[in-house]
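Please look over the sequence and the model shown here before reading on. The text below then serves as a guide.

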Amino acid sequence: MCCDLVCVCVSNMGNARRRRMSWTMFSLNSKIVQCYSCLLLFSVVLMAFLPTSLEQDEDIPHNEVKNWALKFGVDLWEFGRQFTKMSEIQKKYHDLDVEVIRKDGLILIREMAAEVKNMMDIKMNAVMRIMDSAEQAALSHKLDAGTAVRYYNARRLNEFGPDGRLQDGSKEMSLTQNRHFDQLAVNTSLSSVLLPPEVRDSDPEVLNAIKWSEHLDPLFVNNYEMDPSLSWQYFGSTTGFLRRYPAIKWPPDYSSARSGQELHDFRTSSWYIDSATSPKDVVVLLDSSGSMSGERREIATSVVNAILDTLGDNDFVNVYRFSDATEELVPCFKDMLVQANMGNIRELRSYLDSARAENIANFSSALITAFEILHKYNRTGKGCQCNQAIMLITDGPPYDYYEIFKQYNLPHTPIRVFTYLIGRDSSNAEEMNKIACTNKGYYVRVSSTSEAREKVLNYISVMARPMVMYQNDHPIQWTPVYAGGKGNYLQSNGGGNLDGQLMTSVSTPVFDRRNYSVRVANLLGVVGTDVPIQQIQKLVQPYKLGVNGYSFIINNNGHILYHPDLRPLIRNWNGQFQETLKPNYNSVDLTEVELVDMEGGPRENNTFLLDLRHDMIDQKEGETELSVKVHYDDMKRVTTRRHKYFYNAIEGTPFSLGLAIPEGYGMYEVLGEQEIKHSHINASDTISVTEYFKGSNWKIHPDWVYCEYNSMSEHHFKTPEEQVLWFLSKAGKPGWKWMSLRPRSPLKDGPHNMKKTEKDSYFCDKSLVQSLVFDALVTEGLDRHVPSTLKEDENPLAMLMALLHRQGYQMFGVTLSFIATRSGLLRWQDHAHRTMGESGQPTSHFSELNRRAIDEVWYKRAVDQHSLEPESFVFSVPFDAASSSKPLVTATHAVFIEHKGHRAPAAVVGLQIQHSSLASHFLNITSTCMGCKKTCASEELDCYVLDNNGFIILSESADHTGKFFGQIDGTIMDSLVQDRIYKKVAVYDYQGACLDQKSPYSDDATRPSALQPFRWLLQWAFSRVVWLAMQINLFPNWVLSDDDGTVYSEDYETNNFDQYSTRDETRVLNGGSPSETQIKQQLPPSTPTSPLANNRTMPRPCDKRVDLYVLQPDRLNTSGQFNPLKGKLTNCHITGCERPFSVQKIPRSNLILLVVDTLCPCGSKQLSITPQEVIYESMQGVAVTTQCRIKPQEVMYRRRPPKCMNYHPEESEIKLCGNCGRAYLSASVLVFCLLVWIISGTLVRHWS
C-alpha cells in the first residue's frame, strides 16, 4: 500500500519531468537514472510523513550555481574572444592611425536638411514647369470641332487579335521594361491617357482637354532628362482623365488584368484635392427623417462617402444627422470638428448605417447647429481658419430659410453652402438652388448612387474660384505619406524588406487663362510628380548617424513622413488577413512613435516631447534630449536609451527633418578612410583596392548609396557588390573624378539654367567608399583558416591558437564567424556545411538575411550591451528555435575604438554555434557539484539560461528554446520582477489594428423595433407603386427634369455605392498619386450593411499595450562581483512547502542562470507578450454603451498651410451655382400618394 502511495505521489509530478530525458542523456546512463529515481521516490515519501514545519532536506547549492555561471561565462568569453580575433581587429584599427571624433549634431542636421531641400526644390521646379506649359497650351489652343483627336489611350495599347493584327481602335507603342519605373514596361518618349470608365472621350470638353494637353509631352521628356531620378509625372484634368508620363499600358501587367482591377477617380486623391482647394472646415448635414429611407438613404450615404473622400489632413469635418433633433453621427465627436485624417474619416463612415429614418426633419435646428459650430471654430482660432462650408443632404426643405442665413451668414457669406437634392423628385429644387446660390455654393440633384461622386466633385471647382481668380499664385502642395510604387501597396517579402514603396507627391493647380463672354474661374486640373521616400532617405546618410541613430521627417500636422518605427503593414493575424496596410498608416503622429520612458498611462504625452514636436512643426532649428523606449523584433524586445535630438526645417516645404542620436557612444564616430590612389601594402608594392575584396564571402549594405549611375544609364548590375567593384576598379584609373556633389536646384538661378544630365553621369559618396576600403583593409585576411594540424616546430602561440580553435569546434560546434563594420561591410567564414530545410532545400545563409550591418538587431544590441559590460557577448536564438531541428545560437560583440579619451563603435564580431553543442557543454558544467546532491542533471532542479529580455536560450526541454520565460513559468517571472532582477516596461503601440468581436455601437441605436419590418415593407410598397405608376404613364402629368433640363426615361436602378472605393481603400491606400498600379488593393471592400459588418471585414485602428522585460544586471552585482540572488516562493501549495530558486549573472554575457527547485509542486501562471487592445472608458458624456475606441486626445498643435485663398472681391460676379430642375405633379398623384401614406400609417398604429 505504501508502494502504491509512493507511485501515486510521484506520478503526479512525473509527467512534467519526463521531458528531462533529452537533457540527462548527455551525462547519465539509464541504470543510474533508475537508481537515482528510486532514491528520490523514497525521499519524497519520507518528506510526506514529516511535519510540514520542517524545512526541506537540502536547499539549492547557491555557491555551486555561482561557480557554474562563472565557468560557463568565462568559457564562452575566452573562446569567443580568441575565435573572433576581436583584439587583432582592434589593434589593426589602431595601427592604421584611426581617429575618434565628436559629431556636431547641428552642423550635421543643417547639411542633411540642405540636401533634402535641394532635391525637393528640383521636384518642385519640375512641377512648376509642367504647370506653366499646361496653362500656355490651353491658352493657345483653339478648339476645332471637326478635327479628329488622336491620342494614346492606355487601355487600347498593343491589343492584337488572334491573327496577330492590331485590333480596331488600338494603337501600337514600343514599351520597354524600365527598372526606375517599378520594372514596368514604359515608353519614355510619350505619355498615355487613362480614362476611368465613367469618363468618355466622346465628351467635347474631355476631347478638347486631351488635345491641348498632348503638348506636355516634350516638357515631360525634358524634365526627365534634366533629373533622371524623377518619378511619374502627370496632369489630372478636371474633366476626369489622367495624362501620365512615361506612357504605359493599362492594366500594366497580366495579373492586374486578370484581377479586374480598375483605376479609381484620381480627383479624390490627396495630391489633387489639396492643390485644387485651400483647407476647409466642413459640416455635413444628413437628413435622416422618415422620407429618407430605402433608395434615398443609399444615395445620401453615397454622397456623404464621396464628400469624405475629398477631405485630407489639413481639413476638419463632422457629420450631423437631423430629423426632429440634430446630433453628431459619431457620439465621440460631440461639439467638435475633427481633423479629416484616415482614422477619423473611417470612424465617420462606420456610423453612417447606424442612423434610422424617422420623424420630420427640423431644418432650422440643423442649420443653426452647423453655423454655430463653424462660427465657434472661426472665433477661437480652431480648425483650418480658411474655407468653411455646410453640405446639406436632403430630399428637400419646405422653404429656403432665408432668415437663418441672413442672421448667420449674410451679407459677407464667410460660409459656403452646398446643397444635394436626393432622389428624382425635384419639387424642392428651387429652394435648394436658392440656398446654394445665396451662400456662394452650388446645387446638384443626385438621382442615383452611380452619379454621386461626379456630382460631389462640383464643389471643388467652386471652392477653387478665389485661387483661380488671383491667377498668379500657384500653391505647391506635398501629400502625406502613402503606399505607392509597383502595385501601390506594401508587402513583406520575407526578408524584412517591403515590396512596393512609401511615397509622397508634390503638385500644383493649373488655371484657365482664356477669356470668356461671361465671368468664370475655371480650374483646368492639377499637375504633379511622385517622390519615393527611399529617395529622401538616401540623402540622410545613415552611416553618418551611426548605429542606433536614425532620421525622421514630420509635416505641418506633426505626422511622420518616415520614421524607423513607422509600421504600415498588418502581419498575418489569426489567419484573417494577408499582409495589408493599416487603416491609419499615413497619419501617424510623432508622439505615437517616440515613446518616452516615463511612468504613466497611454497617450500621456511628455512635455519635452511636445516641445520638440512644436518646434519641428514651426520649422525651427534646435536640439533637445529625451529618454525613450525602443522596441525590436516585432515588439518582443525593448531597451531604454537616452537620445539627443537635432532638428531643422526643410525650407519651402511643410516638412522638418529630425535626427536622433544615442547619448554617449552615439556622439562619437570612427574616422578612418583609405585614399584609393594611395592604397598599398608598402611603398614598393602598390596593389589595387579591389584586392581587399577577393572571394565571395563579403557583402555590403544593399540600401546605402556607395556609387551609382543615374537611372537613364545602360549600366546594370546584378548585385550591389558587383556595382561597388566596378566603381573601385575605375577609381584607380587616370582621369577619375569622385562626383560627390549631387545636381543643384535651379530655383535660385532660374529654371532655365538647369542642364540635361549626361547619360552615364554618376554619384559617389567619397567618404563612405573610402571608409569601406579602409574597413576591407582592416578585416582582410581575418577569414583565413587556422591550421588543423600541429607541428613540433610551430610557434607555441600558434600551437595554442590552433588548439583553442580545435577545442572550440568540438565544444561549441561553431558553424560560422563574421564581422560587420560601420561602413556596411559584412565578411563571414563558414565552418560547417549548410543545413537542409524540411523541403530538402538548403536553409537561407546568414549573409542573405543579415547583410544590413549597423541596421541589424544583433549589431544594435551588441553596441548597447557594450555600455553595460564592455567585455561581453550578446547571445540570442530565433523565437521559433523550438520548431527547428538544428537551431543556432548567435553571439555578437561590439568592437570599440578608443582615441584621445573618446570611444566609438567600429564593428561587431560574431559567431553562430550549434544549440545542441552549447547545451551539452552547459550540462557538463552544471552536472558536477562537490559535496552536494542537486545539480541541473538531477530531478530536483530546473535550470534555465535566460537572455536580458527574458527569452530562454537553454532549458532542459528543447521545446522551450526561444520562448519567453513568462510563458513557461509566469510565477517565477513575476518574482524576478518583484526582486528587481527584471524590470517590466509597458510599451504602447499606437499603430495597432483590431477587429471587433461585437458591435461597438449602442444597442438602442441599431436594434429595430418589432414593427420596423412592417414599416419598411409599407414604405417600400409605397415607393414601388409610385414608380410603377410613372412607368405605365398612369399619371401623364408627372414630368421629371434633371438640373440640366434632361428628361429621365430610363429605369431607376439603385447601384451599390461600394463600387466606388472609399477613402480608406483608394485615396490613401493608393496614395494620392496616380503611380502605376493604382488599384491593387489589399483590404477587402466594405459592405454597407451595418457597422458590425464593416468592422468584421476590415481592421480598425486601436491602441495596444504589451509588457516587456529588461534585465537589471546591477541588482546581481555586489561590490563589483556578481553574486547569486536567493529567492523563495512560499504558500504556493496546500502542503505548505516552499519553492526556492537562485539567480546568478553569467559574466561576460547578457545572460543569467536561473535554477529552480522542483520538489514543491507550485502552480504556475503564464505571462503573455502579445500586445492587447487598450480599452478606454467612455468620455465627454458619451453613453456607456458607446465605446470611444481611441482615447480622444487634447487638441494637438499643428501649423496651418501658409496660404489660404478663400475670398476674392469679384467672385460674386460669377453666377454659376447649379441649375434647378422642375417637377409637375398632377392633383391625382398627390391624392393617391397621400392616401397610400395615410393607410400605411394607420396600419402601423393599429399593429402597435
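The following paragraphs move from the whole chain to its cysteine pairs.

This is a predicted model, in which local features need pLDDT of at least 70 and side-chain atom pairs count only at pLDDT 80 or more, while totals for chains, interfaces and linings use all residues. Residues are numbered from 1 along each chain as its sequence is written, and side-chain values use heavy atoms, with hydrogens and water left out.

The protein chain contains 33 helices and 51 strands; these are DSSP runs numbered from the N terminus, helices being H or I over at least four residues and strands E over at least two. Of its 1248 residues, 56% are buried. Here buried means under 20% relative accessible area, exposed over 50%, and partly exposed in between, with a 1.4 Å probe and protein chains only. Among the contacts in the protein chain with a separation of 6 or more, 75% join residues 24 or more positions apart, a contact being heavy atoms within 4.5 Å.

How many disulfides are there in the model? The count is 6, where a disulfide is a pair of cysteine sulfur atoms within 2.5 Å. In general, such a link is a covalent bond between the sulfur atoms of two cysteines.

One disulfide joins cysteine 437 and cysteine 1217, with sulfur atoms 1.8 Å apart. These two cysteines are 780 residues apart, and the pair links distant parts of the chain: cysteine 437 belongs to helix α15 (residues 429-438), whereas cysteine 1217 sits in the loop between β50 (1172-1173) and β51 (1223-1224). Because the torsion about the S-S bond of cysteine 437 and cysteine 1217 is about 85°, this disulfide is right-handed. Cysteine 437 counts as partly exposed because its relative accessibility is 30%, while cysteine 1217, at a relative accessible area of 12%, is buried.

Another disulfide is formed by cysteine 707 and cysteine 764, whose sulfur atoms are 1.9 Å apart. Cysteine 707 is in strand β33 (residues 707-709) and cysteine 764 in strand β34 (residues 762-764), so the pair ties together parts that are 57 residues apart in sequence. Their link is right-handed, with 125° about the S-S bond, and both cysteine 707 and cysteine 764 are buried.

Cysteine 1137 and cysteine 1160 also form a disulfide, with sulfur atoms 1.9 Å apart. The link of cysteine 1137 and cysteine 1160 is right-handed, with 70° about the S-S bond. Cysteine 1137 and cysteine 1160 are both buried.

Cysteine 384, by contrast, is in no disulfide; the nearest cysteine sulfur, that of cysteine 386, lies 5.5 Å away. Cysteine 384 is buried, its relative accessible area being 3%.
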